[in-house]
Amino acid sequence: MVHDTTVLLDERRVFEPSEEIKKRALIKNWDEEIEKGKDIEKYWSDNAEQFEWFQKWDKVLDDSNKPFYKWFVNGKINLAYNAVDRWIETEKRNQVAIIYINERGEEKKITFYELYIQVNKLANALINLGVKKGDTVSTYMPMCPELLIALLACTKIGAVHSVIYSGLSVGAFVDRINDAKVKVLFTADGTYRRGKVINLKSIADEAILQCPTVETIVVVNHTGTPIEISELSGREIFYDRLIEGEPAYCEPEPMDSEDPLFILYTSGSTGKPKGVLHTTGGYMVGTATTTRLIFDIHDDDLWWCTGDIGWITGHSYVLYGPLLLGTTTVVYEGAPDYPDPGVWWKIVEKYGVTKFYTAPTAIRHLMRFGTRYTNLYNLDSLRILGTVGEPMNPEAWMWYYKNVGKEKCPIMDTWWQTETGMHLISPIPISPLKPGSATRAFPGIEADVVDEEGNPVPEGKGGYLVIKKPWPAMFRNLYKDEERFLDVYWKTFPGCVYRAGDMVRKDEDGYFWIQGRSDDVLKIAGHRIGSAEVESAFVAHPAVVEAAVIGRSDPIKGEVIKAFVILKEGYELKTQLIEDLKKHVRHELGPVAVLGEIVQVDKLPKTRSGKIMRRILRAHEMGEDLGDTSTLEE
Ligand code: WT7
């Protein structure tokens with residue numbers, strides 16, 4: 001979706017940081033820091049020094065085989081050790097690491113020491129299950145402490161984690177598990193959602209029948225839904241039973257900087273979701289540095305990122321980023337508006353959250369309730385706000401700034417992706433802000449706007465977003481699909497620059513204005529979903545011959561799905577079939593695939609080689625010129 005970022009607010013105001021913000025800021029001069037970042041090797045190695053390396057790197061960056069960059073070459077490190085073990089030797093030992101809160105108002109606080117013990121026990125249990133360095137372990141779990149513990153336990157022993165978002169359903173689940181040849185799966189009896197318990201286990205049960213590589217399924221009894229031991233199949237075991245009697249110490253596996261850390265599946269413009277592969281050393285340095293400098297993390301901060309661990313935001317900024325800094329991280333299970341739309345602000349007040357990071361779609365949703373709920377609670381503890389996932393429209397920005405931040409909290413509009421692992425374009429607290437702009441590239445990052453041929457475009461003109469230099473938390477490959485890795489990201493433009501897949505323009509101050517995806521990837525409530533995946537879900541229904549889907553703009557979700565379907569003889573798109581199709585797509589993909597509209601058509605615009613031209617459908621939808629139709633068959 002292309003957002004009209006040219007219509008700006010009243011007086012195109014620039015928002016300057018307060019004296020208070022400037023006083024605390026870790027970076028006092030933005031230009032100087034960007035200047036420092038120009039020597040990328042020095043910049044990132046300086047930021048890598050704060051960690052405990054079992055063995056220091058010999059070389060910061062190896063770019064001898066582009067785009068297969070290597071960072072912190074021959075460094076040996078363990079991320080769980082740096083995120084947890086390291087703190088128990090300090091005064092943070094008994095400080096709270098995780099505050100888990102759910103929509104029922106229940107909470108659990110876990111100190112660094114407790115987390116350390118829990119991670120060790122589970123890590124030992126995994127070893128006993130036969131999990132070895134390099135094996136893949138998946139989770140299909142709610143946002144609950146055991147999820148974080150499971151991921152850290154994997155990291156501790158060098159197993160590669162592959163998280164499946166709990167809002168995805170059977171079809172999406174099976175693809176991900178089988179592609180990654182998962183050995184152990186963690187799931188839970190259920191998750192709380194708007195007063196109900198969603199039975200995750202039954203979805204997992206159905207899916208797992210098609211997943212032959214899974215040897216063990218660990219079940220967390222999270223909601224207390226009674227499951228009889230006898231109901232567990234031979235390969236299932238309860239989490240509590242699994243860790244019972246396990247030793248409280250586990251030696252951290254010394255990982256090479258370039259050893260795989262995790263795979264996370266994300267949607268591309270074609271085919272099935274791709275497994276984005278991240279490695280250890282660079283990811284650690286990139287996520288911790290951006291958390292620290294963009295959100296200005298001090299020892300007295302209380303961090304809350306509302307993202308789900310099922311997506312990259314949760315990996316980098318709920319789990320690793322904050323814990324690597326020894327910062328308390330809030331883990332919230334539930335919706336932003338249940339039991340009422342004040343639930344988030346109530347949590348901010350109760351715990352004194354200082355840094356709050358969420359998605360534009362949530363802000364647009366909460367904005368509908370005016371100031372009633374934001375005024376009901378004391379939000380004075382907040383210092384810095386953030387957004388991620390899609391373009392922030394200026395109206396929502398202003399609402400957030402005024403009513404949540406009370407005009408004293410700068411908003412960090414952070415642009416990044418599953419592939420980038422860390423923020424790449426973002427302000428820092430002292431930056432002058434323009435609502436709707438992610439401002440400039442982070443120090444050490446070189447971003448630009450280019451045309452089809454890869455030539456830089458003049459200021460103010462739209463083009464493709466590219467990243468011209470490697471960065472430490474960059475993905476290293478697509479799991480088992482190197483060809484696609486090279487084709488999709490590195491071959492479009494000359495000179496091995498990274499193609500992000502977004503359209504963008506740069507203004508007179510060098511500020512970036514992200515305008516939306518340039519490919520067939522949809523952004524529904526900030527969640528990424530490929531048109532092709534939705535289309536295959538449609539054609540798997542017996543009534544559908546062919547389908548094409550595009551994004552239709554939506555005031556709250558940003559985009560929802562508009563589907564064009566060709567039906568089999570004898571079928572008509574009546575209420576019953578529409579309901580059926582909706583149910584079917586939901587069953588295949590999960591609630592993330594929000595259907596806005598289904599229309600029946602006789603034909604779809606195609607190229608002579610038979611490829612659906614979604615561009616034509618989009619242009620038609622927006623009442624735009626159809627552009628170059630010379631390759632159109634009919
Ligand atoms: C796509 C990546 C990165 C964590 C969550 C999304 C869009 C992301 C912004 C922003 C405008 C944004 C882009 C990008 N996006 N942040 N601040 N302003 N658009 O990760 O699911 O991999 O999606 O999200 O279109 O390509 P993701």
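In what sense, parallel or antiparallel, do strand β11 (residues 216-220) and β12 pair, and over how many bridges? They pair in the parallel sense, over three bridges. The legends below walk through this and other close-ups. Everything shown is a predicted model, in which local features need pLDDT of at least 70, side-chain atom pairs count only at pLDDT 80 or more, and totals for chains, interfaces and linings use all residues. Residues are numbered from 1 along each chain as its sequence is written, and side-chain values use heavy atoms, with hydrogens and water left out.

**View 1. An open sheet of eight strands, with mixed pairing.** The strand order is β12-β11-β8-β6-β7-β14-β15-β23. β12 (236-238) and β23 (477-478) stand at the edges with a single partner strand each, so one side of each is left without a neighbour in the sheet. Where β11 meets β12, V218 has I237 as its bridge partner. Strands here are DSSP runs (E, at least two residues), helices are runs of H or I of at least four residues, and both are numbered from the N terminus. Two strands count as paired if DSSP finds at least two bridges between them.

**View 2. Strand β17 (residues 328-333), enclosed by its surroundings.** Six of the six residues of β17 are buried, so the strand is largely enclosed by the rest of the structure. Buried means under 20% relative accessible area, exposed over 50%, and partly exposed in between (1.4 Å probe, protein chains only). T328, V330 and Y332 point one way, while T329, V331 and E333 point the other way. Strand β4 (residues 96-102) runs parallel to β17 and is joined to it by five bridges, with I101 opposite Y332. Strand β16 (residues 302-305) also runs parallel to β17, through three bridges; here L302 is the bridge partner of T328.

**View 3. The ligand and the 17 residues that surround it.** A residue belongs to this shell if one of its heavy atoms lies within 4 Å of the ligand. The closest are D413, T414, T418, D502 and R528. By type, the shell divides into six nonpolar, five polar and six charged residues. Ala, Val, Leu, Ile, Met, Phe, Trp, Tyr, Cys and Pro count as nonpolar, Asp, Glu, Lys and Arg as charged, and the others, Gly among them, as polar. Look for the side chain of T418, with an N or O atom 2.5 Å from a ligand oxygen, and for R528, with a polar side-chain atom 2.7 Å from an oxygen atom of the ligand. The protein covers 96% of the 560 Å² of accessible area that the ligand has on its own (Shrake-Rupley method, 1.4 Å probe). α11 (312-324), β20 (411-414) and β25 (512-517) each supply at least two shell residues.

**View 4. A438, in the loop between β20 and β21 (447-450).** With 2% relative accessibility, A438 counts as buried. Leaving aside neighbours within four places in sequence, its contacts (heavy atoms within 4.5 Å) are D413, W415, I425, S426, P427 and F512. A438 and I411 are 27 residues apart in sequence, and 9.6 Å apart in space from C-alpha to C-alpha.

**View 5. Helix α3 (residues 40-48) and its cover.** I40, Y43, W44, S45, N47 and A48 are the buried residues to find here. Their cover includes α2 (30-37), β1 (59-62), β2 (70-73) and α10 (281-294).

Key
A polar contact is a pair of N or O atoms within 3.5 Å; within protein, one must be able to donate a hydrogen and the other to accept it, and residues adjacent in sequence count only if both atoms are side-chain atoms.
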